[in-house]
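Hi,

Here is the structure I said I would pass on. Have a look at it first, and my notes follow underneath.

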Amino acid sequence: MPNTPSLTSPASPFPSPASGHAEGVSNEEFRAAMSRLASGVVLVTAQEPPLDPDDPLAPRGEDVGMTATAFLSVSLDPPLVLVSLREGSRMDDLLDEQPLWAVSVLSESQRHIAGRFAMKGRVSDRLLFADIPYVRGEATGAPLAGGALATLECRTEQRVPAGDHTLVIGRVLTAALPSADGGPLTYFRGRYRQLG
């Protein structure tokens with residue numbers, strides 16, 4: 001019988017815990033592996049609640065938006081979707097108090113929108129929305145990007161802590177296909193890309 005090293009022997013092919021997390025995977029290794037998974041790109045939006053909800057004349061809250069690639073369908077009946085938000089991010093904090101939000105599935109011609117809302121150290125959300133055509137969702141009041149391949153309006157059903165992210169599961173209240181032109185915007189190996 002050949003001499004094969006066991007998984008617990010010093011000759012194990014797995015890295016030691018010192019090289020990364022307890023399981024042996026470093027942040028860089030995990031990030032590199034996951035960058036090989038192509039993902040669709042969406043714009044997640046919500047509107048802050050008014051400063052004084054009891055006063056109908058109080059100014060509306062600011063619109064907030066973020067680019068996401070960790071977005072997926074969860075269930076057909078009832079219709080549920082999931083988005084992953086970095087814990088403590090502005091959108092995570094907002095959706096902890098505001099249950100209504102929306103998603104615009106971006107087309108390949110909307111790379112500039114994805115880049116704008118993914119910027120680190122970005123300007124205020126008000127300026128980010130300034131020259132982007134959008135309509136306000138009837139069910140949520142959240143901005144829906146003009147020219148998106150699809151739009152969904154959602155109400156949060158569940159929030160699940162998951163490591164350094166929060167998984168927000170939302171019930172789909174409305175779904176529309178405002179634009180049939182073009183293909184989807186995708187994200188692969190750290191860059192926005194087009195199919196084909």
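The largest cavity is lined by Leu43, Thr45, Phe117, Phe129, Ile132, Tyr134, Pro143, Leu144 and Ala145. Two elements, β2 and β8, give two or more residues each to that lining, and β8 gives the most, with 3 residues. The space inside the largest cavity comes to about 40 Å³. Searching the whole structure turns up 1 cavity of 30 Å³ or more. Do bear in mind that this is a predicted model, so everything below is computed from predicted coordinates.

Some overall numbers, before the details. The protein has 196 residues, and 37% of them are buried. Its secondary structure comes to 4 helices and 12 strands. Among contacts with a separation of 6 or more, 63% are between residues 24 or more positions apart. The exposed surface is about 11,900 Å², with carbon and sulfur atoms supplying 57% of it.

Now the sheet. 7 strands make an open, antiparallel sheet, and the order across it is β3-β2-β6-β9-β10-β5-β4. The edges are β3 (63–68) and β4 (71–75); each has a single partner strand, so one side of each has no neighbour in the sheet. From one strand to the next, the twist averages 35°.

At the β3 edge, strand β2 (residues 42–47) runs antiparallel to β3 and is joined to it by 6 bridges. If you want a pair to click on there, leucine 43 sits opposite threonine 67 in β3. Leu43 is also one of the residues lining the largest cavity. Helix α3 (residues 111–118) packs on the sheet as well, touching β2 and β3, and its direction makes about 110° with that of β3.

Helix α2 (residues 90–97) is the other one to look at. It lies across β2, β3, β5 (80–86), β6 (100–105), β9 and β10 (165–176), and it runs at about 50° to β2.

Valine 64 is a good residue for seeing this region, and it belongs to strand β3. Is valine 64 buried or exposed? Its relative accessible area is 1%, so valine 64 counts as buried, the cut-off being under 20%. Leaving out residues up to four places away in sequence, valine 64 touches Val44, Thr45, Ala46, Glu48, Arg90, Met91, Leu94, Asp125 and Phe129. Thr45 and Phe129 from that list are also among the residues lining the largest cavity. Further along the chain, alanine 142 is 78 residues away from valine 64, and their C-alpha atoms are 8.5 Å apart.

Next, a pocket. The second largest pocket has a volume of about 190 Å³. 15 residues line it, and those closest to its centre are Val135, Leu144, Thr151, Ala176 and Pro178. At least two lining residues come from each of β7 (134–136), β8 (143–145), β9 and β10. Leu144 turns up in the lining of the largest cavity too.

Which residues does threonine 151 contact, beyond its neighbours within four places in sequence? They are Val103, Ser104, Leu144, Ala145, Thr174, Ala175, Ala176 and Pro178. Threonine 151 lies in strand β9 (residues 150–162), and its relative accessible area of 6% makes it buried.

Elsewhere in β9 you will find glutamine 158. With a relative accessible area of 43%, glutamine 158 is partly exposed. Apart from residues up to four places away in sequence, glutamine 158 touches Leu167, Val168 and Ile169. Glycine 170 is 12 residues from glutamine 158 along the chain, with 7.0 Å between the two C-alpha atoms.

Last, a separate set of pairings. Strand β1 (residues 39–40) and strand β11 (residues 185–188) run antiparallel, joined by 2 bridges, and glycine 40 stands opposite threonine 186 in β11. β11 is also joined to strand β12 (residues 191–194), again antiparallel, by 4 bridges. In that pair, leucine 185 is opposite glutamine 194 in β12. β11 and β12 form a hairpin with 2 residues between them, and arginine 189 in the turn has a positive phi of about 50°.

Over to you!

Definitions and conventions
Residues numbered from 1 in each chain as written. Predicted model: local features only at pLDDT ≥ 70, side-chain atom pairs only at ≥ 80, totals over all residues. Heavy atoms only, no water. Buried < 20%, exposed > 50% of the residue type's maximum accessible area, 1.4 Å probe, protein only. Contact = heavy atoms within 4.5 Å. Areas by Shrake-Rupley, 256 points an atom, 1.4 Å probe, with all protein chains shown as cover. Pairing = 2+ DSSP bridges. Axes fitted to C-alpha atoms, helices over the stretch in contact; angles between N-to-C directions. 1 Å grid on protein atoms, 1.4 Å probe; cavity = no way out; pocket = protein on both sides within 12 Å on 5 of 7 lines; lining within 4 Å. Points joined across faces, edges and corners; volume = space filled by probe spheres on them.
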